[in-house]
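Subject: Structure handover

Hello,

Here is the structure we spoke about, with the sequence alongside. My notes on what was found in it follow below.

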Amino acid sequence: SFVVENAASPDAPNIPSRQNPMNDENAIFALGILESSRRKMLSRDRSVFASLIDLHSKHQKLLMDISKVIELMCTLQPAEFVFVSFAYELDNFIVSRMKHREKILESEADNQTIKQELASFARDLAFVSNFAQQLGIVFFAAPETEELREVLKDCIGFKGESVHDERRARLFHILLYTFSHNIVATLAFCLWGGAFLTASSFLQKIDPLDVSLMFYLEIDQLIDLIERPLFRHLHLRMLDCEDNPYHEGSGAMLFRTLKSIMMLLPQSTSYMILKERLASMARYRQSAVALSGMSKNIENGSETDVFVRRIVNVRKLHCDAKWRNIRAESLEEPCRVVDEDQKLTAAQQRREWLGYADEDEEVATKEKIKQNLLGNTPKKAELVGVYENLNEMEAPGQLVLNENEECEQCLSSSTTKGLIQRYEQMSAIEEGKEDDSKPWREYWASRQ
């Protein structure tokens with residue numbers, strides 16, 4: 001357990017590494033942002049957070065009420081400590097489940113055991129995603145987290161050089177580890193912290209397995225949240241024209257992030273709301289010129305690079321679990337590969353499973369199917385070179401004889417004779433009508 005006793009001096013010069021913030025040293029440094037009076041409220045035992053996570057992972061029906069529990073805990077202890085503790089315990093929960101999965105996959109267990117483990121791991125990741133979503137709801141909506149929101153507001157976009165600003169950024173980094181398990185919570189958290197370059201860069205790398213019906217429903221809620229007064233400062237931020245448009249908190253990056261979200265949406269009500277807001281800014285921003293080449297300005301090892309790699313790695317973990325579970329439910333052998341250098345991406349596994357040789361073949365096949373659905377394929381293209389000499393072929397004599405015999409049989413049958421007589425009677429009636437109409441024709445001709 002971590003206690004902020006070593007951070008009594010807020011301006012302590014020792015700043016821990018930001019590459020892996022999920023350790024006690026980084027937690028103590030981040031919670032040093034609390035005032036001395038609020039530090040006395042911190043708990044010395046974090047077992048209650050681990051117990052809550054374990055309880056809700058086994059009884060996920062209770063997860064809808066966890067937001068009320070979190071709000072109550074934020075009244076008893078600082079919200080910063082509550083959120084950091086949940087972030088650490090959720091990370092420990094995932095790490096333990098990953099170790100258990102690797103142990104099963106590397107063992108000589110039968111396929112049925114492998115499939116059960118893969119399905120269990122996918123459910124655990126879905127649970128963590130839902131838990132992160134509930135944390136996001138409390139963060140943005142609960143009055144108990146108002147001070148935490150003020151601490152993290154624009155902590156990345158307008159980060160200074162002081163130790164206090166570094167503590168705010170480290171707190172953001174720790175919580176981002178948890179919010180990364182839910183895409184919409186990640187985007188909302190990045191928008192609040194001013195990490196627009198991080199959000200925009202992640203959206204360019206989003207995995208197709210992450211784009212689902214639930215994703216669209218949560219994006220609708222995000223757009224509704226952005227339109228509320230809570231995010232009113234973002235509406236004005238898009239009007240800013242900075243000297244460096246590639247900065248984390250620049251208005252150009254915010255415009256690019258919202259435009260990327262809009263392009264992922266189907267043309268629904270949320271799409272039109274976001275489109276109308278961005279359309280009013282498009283001419284002013286001159287995005288086609290100002291945004292060119294932005295994805296090439298992320299330096300390796302920078303804070304943005306660390307944030308983006310964390311989000312991408314977490315989403316890869318989720319997509320890999322989804323694909324392993326889908327494959328385990330099919331007739332294919334469950335995937336036992338664990339090492340990163342041997343692990344195929346979800347797209348490669350799906351491509352091999354569907355029988356495509358490579359990505360080019362998959363793209364060509366999909367394009368051909370698309371053209372067929374659109375009706376752009378020539379309808380008689382398959383006849384070329386196959387039936388062009390069909391008229392030159394001579395029919396066998398026996399076949400002609402059989403056809404003549406069939407015609408004589410048809411004419412000699414009673415049913416055919418009745419039809420012929422009926423046809424002759426109808427023809428006679430039509431001729432009589434035509435004869436009766438001749439006087440009328442002559443009359444109207446004389447009138448003219």
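Arginine 228 has a relative accessible area of 44%, so this residue counts as partly exposed. Please keep in mind throughout that the model is predicted.

Salt bridges

The side chain of arginine 228 forms a salt bridge with that of aspartate 224, at 3.0 Å from N to O. Aspartate 224 is partly exposed too, since its relative accessible area is 40%. In total, the count comes to 14 salt bridges.

A second pair to look at is arginine 237 and aspartate 154, whose side chains meet in a salt bridge of 3.0 Å, N to O. Arginine 237 lies in helix 12 (residues 232–237) and aspartate 154 in the loop between helix 7 and helix 8, so this bridge ties together parts that are 83 residues apart in sequence. Both arginine 237 and aspartate 154 are buried. For aspartate 154 the relative accessible area is 11%, and buried means under 20%. The backbone of aspartate 154 also deserves a look: its phi is near 55°, a positive value in a residue other than glycine.

The third pair sits in helix 16 (residues 303–329), where aspartate 305 and arginine 309 are four residues apart and therefore separated by about one helical turn. Their side chains meet in a salt bridge (3.0 Å, N to O). Aspartate 305 counts as buried because its relative accessibility is 13%, while arginine 309, at 37%, counts as partly exposed. There is also a network in which salt bridges with shared partners join Lys159, Glu166, Arg170 and Glu303.

Serine 270

Serine 270 belongs to helix 14 (residues 269–285). Its relative accessibility is 9%, so serine 270 counts as buried. What does the side chain of serine 270 make a polar contact with? The partner is the side chain of aspartate 220, at 2.6 Å. Apart from neighbours within four places in sequence, serine 270 is in contact with Asp220, Ile223 and Leu265.

Nonpolar cores and helix 1

In soluble globular proteins, nonpolar side chains tend to be buried together. Here the largest nonpolar core has 91 residues, and Phe83, Phe86, Leu152 and Phe172 are those with the most contacts inside it. Helix 5 supplies the largest share of this core, eleven residues. A second core, separate from the largest one, has six residues, among them Leu105, Ala109, Ile114 and Leu118.

To see the surroundings of phenylalanine 83, leave aside its neighbours within four places in sequence: the residues in contact with it are then Ile70, Cys74, Leu135, Val138, Phe139, Thr145, Leu148, Leu175 and Phe179.

Helix 1 (residues 24–31) is mostly covered, with six of its eight residues buried. These are Asn26, Ala27, Ile28, Phe29, Ala30 and Leu31. The buried residues of helix 1 pack against helix 5 (79–106) and helix 8 (163–179).

A surface patch

Not every nonpolar side chain is covered: Leu213, Met214 and Leu217 form a nonpolar patch on the surface, and together have about 320 Å² of accessible area. Methionine 214 is in helix 11 (residues 213–226).

Regards

Technical notes: Residues are numbered from 1 along each chain as its sequence is written. This is a predicted model: local features need pLDDT of at least 70, side-chain atom pairs count only at pLDDT 80 or more; totals for chains, interfaces and linings use all residues. Side-chain values use heavy atoms; hydrogens and water are left out. Patches are made of residues with over 30% relative accessible area and no salt bridge: like charges are joined within 9 Å, nonpolar side chains (Val, Leu, Ile, Met, Phe, Trp, Tyr) within 5 Å. Accessible areas come from the Shrake-Rupley method with a 1.4 Å probe; for residues, only the protein chains shown count as cover. A salt bridge is a side-chain nitrogen of Lys or Arg within 4 Å of a carboxyl oxygen of Asp or Glu. Helices (H or I, at least four residues) and strands (E, at least two) are DSSP runs, numbered from the N terminus. Buried means under 20% relative accessible area, exposed over 50%, partly exposed in between (1.4 Å probe, protein chains only). A polar contact is a pair of N or O atoms within 3.5 Å; within protein, one must be able to donate a hydrogen and the other to accept it, and residues adjacent in sequence count only if both atoms are side-chain atoms. Contact means heavy atoms within 4.5 Å. A nonpolar core is a set of buried Ala, Val, Leu, Ile, Met, Phe, Trp, Tyr and Cys residues joined through side-chain atoms within 4.5 Å.
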